[in-house]
Number of protein chains: 2
Amino acid sequence: MSIKKIPETTISRLFLYLRKVTELSKLSMKRVSSAELGESLHLGAAQVRKDLGYFGHFGVSGAGYVVQELKEKLSKILGKDKTFNVAIVGTGNLGTALLAYSGFKKQGLNLVAAFDTDVNKIGKQLQGVEIKAVSHMKDIIKEKKISLGIIAVPAKGAQDVADILTNAGVKCILNFAPRYLNVPEEVKVRNVDLSRELEILSYFLGNGKKVKL
Amino acid sequence: MSIKKIPETTISRLFLYLRKVTELSKLSMKRVSSAELGESLHLGAAQVRKDLGYFGHFGVSGAGYVVQELKEKLSKILGKDKTFNVAIVGTGNLGTALLAYSGFKKQGLNLVAAFDTDVNKIGKQLQGVEIKAVSHMKDIIKEKKISLGIIAVPAKGAQDVADILTNAGVKCILNFAPRYLNVPEEVKVRNVDLSRELEILSYFLGNGKKVKL
DNA sequence: GTATGTGAAGTAATTCACAGCT
DNA sequence: AGCTGTGAATTACTTCACATAC
């Protein structure tokens, strides 16, 4: 293995491999081939091998991968051994659903703060977290050492929220607002744009056969 | 313009152009250049022109695009003039948030049915829609001519739901369950995997400088 | 002069195909 | 014999650059 840039798509697939290999390990399976790993994820064997290859030689030629070992190495690579503090900004319907989302702890993420501008919401408890005013955000983020921020506010407020977050030292943002966020280079943003997902699907509904996706 | 395969990334950007051009039209702007269009979306001028070029010659050489005209053409291309009926399956936190999501109508999507397996929920009203049993799904989907299904159930039930949906004639699926769905070739699926988004971000948190994304 | 439309060049990701290890 | 690891080939997308139209 040589030093190469690792595509983000590869990182994203590694989590799928980890999920799968965790299942297999529960089923007490000892070995797994690249073809088997890719199968239910509809990925080719070559793709799986190339992805894993970025991180070293995990496999046994002629015999596939040792399930337990692969699981441990992937967990390590993917930072599943670490935990991070998370804040959510915006406690509307989507924010509330996300607060209730039990997946956080599984990802090693502790939801430690929630913010809103609505005075009727401030002070209320949600999933054991007290909703605070956005005006206190900077201090609380520093104080609680929050490194990941989730933006679930309307589009027009999103950039301001992103500015405050990055100013306070947040390194990653999951953005649900339907707009592009300008952030400093070292900050990583991922966007989930529900409107756009729906729009894209409705495009395919309208265009049926015309476009081969 | 010749007949070419249109990348899905292009389709997805067209919606961004439409949003922007709609804003500009509200501001009574008459013309817009490809550079201006791309600017706040952090897309290059060439990218914008290439995307629009897939669908014909909309622009005026030397003068950019006529805002109103571009808006109308994009609306047409993207099927914004049509409406579709939508069903949601799973009325947990996420499903409820989506039901409440006001973006639907804007996309020309009418949420006309909601399904759950929980007997305590069945019969209740949510956002003016009565929650029905999953066992009645097939008939209701046909009867109400539902063409888009949203899956917001846990991973283990998701494939079964997808089977019922596609069997009943649903053509597009927005899947929030963290697993790959096997569907007939003509059915279009888009996946929103919140766990994975969080995982990917936490990978970047853990690996700070090491990986240039 | 200015900005489009588009081949050509460049970059990135996927898939192929096979040498080499067990 | 079987399956990995990886360069080479392919495919997909983006960016460049310029002839063309207004």
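Me: Which element gives the largest share of the surface near DNA strand C?
Reply: A residue is near a strand if one of its heavy atoms lies within 4 Å of that strand. Elements here are DSSP runs numbered from the N terminus: helices (H or I, at least four residues) and strands (E, at least two). Four residues make up the largest share of the surface near DNA strand C, and they come from H3(A).

Me: What pLDDT do local features need in this model?
Reply: Residues are numbered from 1 along each chain as its sequence is written, chains are lettered from A and ligands numbered from 1 in the order in which they are written, and side-chain values use heavy atoms, with hydrogens and water left out. The model is predicted: totals for chains, interfaces and linings use all residues, side-chain atom pairs count only at pLDDT 80 or more, and local features need pLDDT of at least 70.

Me: How many residues surround DNA strand C?
Reply: The closest are Ser34(B), Arg49(B), Gly59(B), Gly62(B) and Tyr65(B). Of the strand C atoms within 4 Å of the protein, 60% belong to sugar or phosphate and the rest to bases. The number of residues surrounding DNA strand C is 23.

Me: How far is a phosphate oxygen of DNA strand C from a polar backbone atom of Gly59(B)?
Reply: A polar contact is a pair of N or O atoms within 3.5 Å; within protein, one must be able to donate a hydrogen and the other to accept it, and residues adjacent in sequence count only if both atoms are side-chain atoms. The side chain of Lys50(B) has an N or O atom 3.4 Å from a base oxygen of DNA strand C. For the phosphate oxygen and Gly59(B), the distance is 2.8 Å.

Me: Which residue has a side-chain N or O atom 2.6 Å from a base nitrogen of DNA strand D?
Reply: A base oxygen of strand D is 3.0 Å from a backbone N or O atom of Gly62(A). A polar backbone atom of Gly64(A) is 3.5 Å from a sugar or linking oxygen of strand D. The base nitrogen is 2.6 Å from the side chain of Arg49(A).

Me: How many charged residues does the surface near DNA strand D have?
Reply: Ala, Val, Leu, Ile, Met, Phe, Trp, Tyr, Cys and Pro count as nonpolar, Asp, Glu, Lys and Arg as charged, and the others, Gly among them, as polar. The surface near DNA strand D has seven nonpolar and 10 polar residues. Its number of charged residues is six.
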